[in-house]
Amino acid sequence: MTRKKVKLAYIANDSTRKATFKKRKRGLIKKISELSTLCDVPACALIYSQYESLPDIWPSPSGVQRVIAQFRNMPEMEQGRKMFNQETFLRLRILKAHEQLKRLRKENREKEVSRVMFQTLTGRPLQGLNMIDLNDLGWLIDQNVKELGEKIKSKREELLAQSNEVTVAAPNAAALPAAAGDLGMDLNMQQPAMENTMQRPPWFSDVMTPQEPMGFGAAGGYEVLPLGDQNHPEFWHNSPFFH
């Protein structure tokens with residue numbers, strides 16, 4: 001559950017204001033201590049209030065004097081560079097609020113003009129619009145057309161890059177069968193030489209020149225498988241495996 005945002009305004013109730021002071025004072029001193037310990041920076045706190053006669057000092061009177069002396073030794077221009085008083089702080093907050101208001105007005109105006117643009121697409125006439133509204137409507141339409149053009153251009157470039165990748169990969173794939181064919185020719189040329197140099201054992205001739213026909217058994221004897229399809233001889237000539 002998120003915490004409720006505190007309204008920055010003077011607390012009229014005395015008891016509530018005193019309790020808030022004590023709570024915020026403890027939190028402020030804790031934050032200063034963490035800042036000084038974690039970041040190793042000189043810091044001090046000197047808090048006066050109407051509820052106590054003596055001021056609250058952190059970390060100690062000597063520590064406060066040391067930080068103040070270091071501050072006074074700085075050049076005068078450096079001392080006031082990041083110095084804020086109540087008036088400067090409020091001015092900065094007002095300026096920030098004006099910037100937020102300006103941004104919200106711009107966003108609301110764009111939403112209103114977008115709603116009018118979509119209504120005109122459904123056939124609603126542009127009656128009751130002044131020159132400022134028409135100018136804003138034309139500007140919004142131009143912006144939408146520009147964004148669509150950029151998206152179309154980006155998509156075309158992406159598709160063109162993909163097609164170029166496919167085109168570059170195609171010649172590399174086509175070179176594989178040629179390389180395989182060259183390798184087969186080399187092996188065929190080397191095979192007779194290898195056969196001549198190797199001494200064949202007696203069983204090698206019996207296997208290569210059998211006395212009986214080889215094939216798959218059939219009802220009437222042996223059926224030798226034909227080499228190729230006699231009914232469709234062009235199939236074997238056109239097959240890429242026999243080029």
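What pattern does the chain follow, read along the sequence? This is a predicted model, and its chain runs α-β-β-α-α-α-α-α-β-β-α. That comes to seven helices and four strands. The chain has 243 residues, and buried ones make up 8% of them. Take the contacts between residues at least 6 apart in sequence: 31% of these join residues at least 24 apart.

Start with helix H1, which spans residues 14–39. Lys25 belongs to this helix. Is Lys25 buried or exposed? Its relative accessible area is 12%. The cut-off for buried is under 20%, so Lys25 counts as buried. Which side chain does Lys25 meet in a polar contact? The partner is Asp56, and the contact spans 3.1 Å. Leaving out residues up to four places away in sequence, Lys25 touches Asp56, Glu52 and Ile47.

Helix H1 also supplies one half of an aromatic pair. A search of the whole structure turns up one such pair. Its members are Phe21 and Tyr51. A pair of aromatic rings is described by the distance of the centres and the angle of the planes. Here the centres are 5.6 Å apart, and the planes meet at 40°. The pair is tilted. What does the pair tie together? Phe21 lies in helix H1, while Tyr51 sits in the loop between strand S1 (45–47) and strand S2 (56–58), so the pair links parts that are 30 residues apart in sequence. Tyr51 has a relative accessibility of 29%, so it counts as partly exposed.

Phe21 has a second role to follow, in the lining of the largest pocket. This pocket has a volume of about 430 Å³. It is lined by 13 residues, and those closest to its centre are Val6, Ile11, Thr20, Phe21 and Arg24. By class, the lining holds six nonpolar, six charged and one polar residue.

The second largest pocket contains about 340 Å³ of space. Its lining consists of Phe71, Met74, Glu78, Gln79, Lys82, Met83 and Phe84. Four of these count as nonpolar, two as charged and one as polar.

Now turn to the backbone. Asp40 lies in the loop between H1 and S1. What is unusual to check at this residue? Asp40 has a positive phi of about 55°, although it is not a glycine. Its relative accessible area is 68%, and the cut-off for exposed is over 50%, so Asp40 is exposed.

Further along comes a cis peptide bond. Which residues does it join? They are Trp58 and Pro59, with omega at about 0°. Pro59 is placed in the loop between S2 and helix H2 (61–72).

Helix H2 holds Val64. Val64 is buried, with a relative accessible area of 7%. What is Val64 in contact with, leaving aside its neighbours within four places in sequence? The residues are Cys44, Ala45, Ile57 and Trp58. Trp58 is also one side of the cis bond. Val64 and Pro42 are 22 residues apart along the chain, and 9.4 Å separates their C-alpha atoms.

Note on methods
Residues are numbered from 1 along each chain as its sequence is written. This is a predicted model: local features need pLDDT of at least 70, side-chain atom pairs count only at pLDDT 80 or more; totals for chains, interfaces and linings use all residues. Side-chain values use heavy atoms; hydrogens and water are left out. Helices (H or I, at least four residues) and strands (E, at least two) are DSSP runs, numbered from the N terminus. Buried means under 20% relative accessible area, exposed over 50%, partly exposed in between (1.4 Å probe, protein chains only). A polar contact is a pair of N or O atoms within 3.5 Å; within protein, one must be able to donate a hydrogen and the other to accept it, and residues adjacent in sequence count only if both atoms are side-chain atoms. Contact means heavy atoms within 4.5 Å. Rings of Phe, Tyr and Trp (its six-membered ring) pair if their centres lie within 6.5 Å; planes under 30 degrees apart count as stacked, over 60 as edge-to-face and the rest as tilted. On a 1 Å grid over the protein atoms alone, a cavity is a set of points where a 1.4 Å probe fits but cannot get out, and a pocket is an open set with protein on both sides within 12 Å along at least five of seven lines; lining residues have an atom within 4 Å of a point. Grid points are joined across faces, edges and corners, and a volume is the space filled by probe spheres set on the points. Ala, Val, Leu, Ile, Met, Phe, Trp, Tyr, Cys and Pro count as nonpolar, Asp, Glu, Lys and Arg as charged, and the others, Gly among them, as polar.
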